[in-house]
Amino acid sequence: SLSQHPVNTDVIFSGTSAGTIIKSIDGGDTWKNIGNVIDGRITNIIFDAVREGTMYLLAGNKVYYSASTGTNWLEWEKEKTEEVRALNERASDLSRQGFKVEADALRQSARDLSERNRSDKAPQGIVLIVADPVNSGVIYAGTNRGLFRSNSYGKYWSEVNIIESAKQFSIRSI
């Protein structure tokens, strides 16, 4: 995958089939490996329409997010699991300290978050992702069973209501 920054055209990113991301800041004359933290073949690299340092990429069936122009990448499904784990850990600590009401509230928050993570997770069979051209944090995913949208930088997803027959074919262009 290859993508050029929409404003600063000297910035170009390339993603390899091995999950390596390389970056050029001089229009492609020189390149620097900026990390090998991506799991799978990188097929899309896109820039947020509003926030200059915000980027997304698709590798395999995982959407990654960066708020640091590609320096650090988050894989949301891992991050969401960690958030639930941290809430449960804090609840256990509070319980050991004798704060039962607070611990129970945190456990309930962890259960609620876990349920949201299950119901609003990234769709399966993603073919491509694109950023909304006007709204920051909004990205769309074409999948092999419909169109999905995230209003949360790729963290949570919902299906876009389109004609039923479109769900029978891969959405390869948005």
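In which sense do S3 and strand S4 pair, and over how many bridges?

1. **Hairpin and its neighbour.** S3 and strand S4 (residues 32-33) pair in the antiparallel sense, over 2 bridges. Within that pairing, Ile 22 has Asn 33 of S4 as its bridge partner. On S2, the picture is similar in kind: strand S2 (residues 12-15) and strand S3 (residues 21-24) also pair in the antiparallel sense, over 4 bridges. There, Gly 15 is bridged to Ile 21 in S3. S2 and S3 form a hairpin, with 5 residues between them. Gly 19 sits in the turn and has a positive phi of about 90°.

2. **Overall make-up.** This is a predicted model. The chain holds 2 helices and 12 strands. Along the sequence, the pattern reads β-β-β-β-β-β-β-β-α-α-β-β-β-β. The C-alpha trace spans about 60 × 45 × 30 Å along its principal axes.

3. **Burial and surface.** The chain has 174 residues, and 41% of them are buried. About 9600 Å² is exposed. Carbon and sulfur atoms supply 49% of that area. For contacts between residues at least 6 apart in sequence, 38% join residues at least 24 apart.

4. **Largest nonpolar core.** This core has 15 residues. Those with the most contacts inside it are Tyr 56, Val 63, Ile 129, Ile 139 and Trp 157. Two or more core residues come from each of strand S6 (55-59), S7, strand S9 (126-131) and strand S10 (139-143). S9 gives the largest share, 3 residues.

5. **Trp 157.** Leaving aside residues up to four places away in sequence, Trp 157 touches a list that includes Val 63 and Ile 139. Both of those are named with Trp 157 among the residues with the most contacts inside the core. Other contacts of Trp 157 include Asp 120, Lys 121, Pro 123, Phe 148 and Arg 149.

6. **Another core.** Apart from the largest core lies another, of 12 residues. Among them are Met 55, Ala 59, Tyr 64 and Trp 73.

7. **Ser 66.** Is this residue of strand S7 (residues 62-66) buried or exposed? Ser 66 counts as buried because its relative accessibility is 0%, and the cut-off for buried is under 20%. The side chain of Ser 66 reaches the backbone nitrogen of Ser 68 at 3.1 Å. Beyond four places in sequence, Ser 66 touches Gly 53, Thr 54, Met 55, Thr 71, Asn 72 and Trp 73. Of these, Met 55 and Trp 73 belong to the core of 12 residues.

Notes
Residues numbered from 1 in each chain as written. Predicted model: local features only at pLDDT ≥ 70, side-chain atom pairs only at ≥ 80, totals over all residues. Heavy atoms only, no water. Buried < 20%, exposed > 50% of the residue type's maximum accessible area, 1.4 Å probe, protein only. Polar contact = N/O pair within 3.5 Å; in protein donor to acceptor, adjacent residues only side chain to side chain. Contact = heavy atoms within 4.5 Å. Pairing = 2+ DSSP bridges. Core = buried A, V, L, I, M, F, W, Y, C linked by side-chain atoms within 4.5 Å. Areas by Shrake-Rupley, 256 points an atom, 1.4 Å probe, with all protein chains shown as cover.
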